[in-house]
Amino acid sequence: MKSGTVAVIGRANAGKSTLINVIVGEKVSIVSPKPQTTRDRILGVLTREDCQIVFADTPGLYRADNLLNSVMQKTAEDSAKDVDLILFLIDCHTGVSEKDKTLLFKYAGGKIPVIAVLTKIDIMPETLLISCLKEMGEITETVPVSARKGKNVKELVKVILNRLPDGEKLFEQDIISDRSEKFMISEILREKILLKTDKEIPHGVAITVNKFALSEDGTRYDISLDIICERAAHKAILIGKQGSKIKEISSYARQDMEKFLGRKVFLTTYVKVKEDWRNSASLIKEHGYGEND
Ligand SMILES: Nc1nc2c(ncn2[C@@H]2O[C@H](COP(=O)(O)OP(=O)(O)OP(=O)(O)O)[C@@H](O)[C@H]2O)c(=O)[nH]1
Ligand SMILES: [Mg+2]
């Protein structure tokens, strides 16, 4: 069987997590319209009779205006080493940027084979797609997809398989991610905060799991999460008037947690402040960022 590892890299918002979720067929990584949504390397595994492909989702390249972002950049760069193939994703619905071209050149000039994947083709004009394909095709093999519409995704998997070696499975048959339920629960809450708050607030949020316990009769999870933010002013916005914002976010998160866990969830959330934690090496470590192996 074909078996191998594929790093999915590209600038923030390119559609990396969305594409992996669609290929794997489960939500292994959270998605939002805001850049820098993914903070860790997250593995998503596709297992079929004829193959196993281990995809590494990665943080977006390149923004390092604080220590957390530098840690994330290192995670993305390290994830693109020691893999069988790199997928370099480019959101080209308004054309290919110079930054994308420069980065693609850099990776295509390395030892690991690179496929350029043009994303979001459902929202771009055909003529622009043709010119982007020509331009990128001169650098490396290029495949256009729309993860949202499922367009050309099967074809992309075929192209990936052509580049992977024969080998044994790296993960058991039923494993779809390397991440725990606890991690996914905290990511679901972070996703809702990304969707429901603006500006710097969601980027300055981290989640701590205080309690994650199945009730004695096995029918319900009791979950208690802390939302860590950077400033008292952010805490006030996250809580909202008479707690309205945090209620909305928590209720939205609870529904997804129930779907994910397949059980009722009793969720409590608290907002806490850790001043400027994104520039503190010890607090970044405490939240588990940058520790992918
Ligand atoms: N129209 C369209 N939108 C898409 C498609 N794929 C992803 N998106 C949207 O693009 C935005 C970013 O998607 P993500 O999958 O979070 O992008 P990412 O590359 O993982 O982003 P970071 O984790 O921030 O680096 C979200 O709003 C997605 O819904 C697509 O095929 N078509
Ligand atoms: Mg992502």
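In this predicted model, strands E1 and E3 run parallel and are joined by seven bridges. Within this pairing, Lys2 stands opposite Cys51 of E3. Strand E3 is also paired with E2, again through seven bridges, but here the two strands run antiparallel. The connection between E2 and E3 is a hairpin with two residues between the strands, and two of its bridge partnerships can be named: Arg48 is paired with Cys51 of E3, whereas Gly44 has Phe55 of E3 as its partner. Cys51 thus takes part in both pairings, facing Lys2 as well as Arg48.

The burial of these strands can be considered next. Of the seven residues of E3, six are buried, so that this strand is largely enclosed by the rest of the structure. Strand E2, which comprises residues 42-48, has five of its seven residues buried, and it is therefore likewise largely enclosed by the remainder of the model.

Helix H2 covers residues 67-79, and its 13 residues reach 18 Å from the first C-alpha to the last, which is close to the 18 Å expected at 1.5 Å a residue. The buried residues of this helix are Leu68, Asn69, Val71, Met72, Thr75, Ala76 and Ser79. When H2 is viewed down its axis, these buried residues fall within an arc of 155°, so they line one face of the helix. Such an arrangement can be set beside the general geometry of helices: an α-helix has 3.6 residues a turn, so residues three or four places apart point the same way. The partners against which the buried residues of H2 pack are strand E1 (2-10), strand E3 (51-57) and helix H9 (281-286).

The surroundings of ligand 1 consist of 23 residues, of which the closest are Gly15, Ser17, Thr18, Thr38 and Gly60. Helix H1, formed by residues 16-24, supplies the largest share of this shell, namely three residues. By character, the residues around ligand 1 divide into 11 polar, eight nonpolar and four charged.

Two residues other than glycine have a positive phi value and are described here together with their settings. For Gln36, phi is near 65°, and this residue lies in the loop between H1 and E2. Gln36 is partly exposed, as 17 other C-beta atoms are found within 10 Å. For Lys120, phi is near 60°, and the residue is located in the loop that connects strand E5 (114-119) with helix H4 (126-137). In contrast to the partly exposed Gln36, Lys120 is buried, with 22 other C-beta atoms within 10 Å.

Helix H6 (181-196) has 16 residues, which should span 22 Å at 1.5 Å a residue; its end C-alpha atoms are 23 Å apart, in agreement with that expectation. An unbroken run of buried residues is listed for H6, made up of Ile185, Ser186, Glu187, Ile188, Leu189, Arg190, Glu191, Lys192, Ile193 and Leu194. The elements covering these buried residues include E7, strand E8 (220-229) and helix H8 (244-261).

Two further residues illustrate the surroundings of H6. Pro202 belongs to the loop between helix H6 and strand E7 (206-214), and with 22 C-beta neighbours inside 10 Å it counts as buried. The C-alpha atoms of Pro202 and Lys192, which are 10 residues apart along the chain, are separated by 9.2 Å. When residues up to four places away in sequence are not counted, Pro202 touches Lys34, Ile193, Leu194 and Thr197; Ile193 and Leu194 are themselves among the buried residues of H6.

Ile223 lies in strand E8 and is buried, with 23 other C-beta atoms within 10 Å. Although Ile223 and Ser186 are 37 residues apart in sequence, their C-alpha atoms are 10.0 Å apart in space. Leaving aside residues up to four places away in sequence, the contacts of Ile223 are Ile185, Lys211, Phe212, Met257, Val265, Phe266 and Leu267. One of these contacts, Ile185, is also a buried residue of H6.

Technical notes
Residues numbered from 1 in each chain as written. Chains lettered and ligands numbered in written order. Predicted model: local features only at pLDDT ≥ 70, side-chain atom pairs only at ≥ 80, totals over all residues. Helix = DSSP H or I, 4+ residues; strand = E, 2+ residues; numbered from the N terminus. Expected span 1.5 Å × (residues − 1). Buried ≥ 20, exposed ≤ 12 C-beta atoms within 10 Å, placed from the backbone. Arc of directions from axis to C-beta. Contact = placed C-beta atoms within 7 Å. Pairing = 2+ DSSP bridges. Near = placed C-beta within 6 Å. Nonpolar A, V, L, I, M, F, W, Y, C, P; charged D, E, K, R; others polar.
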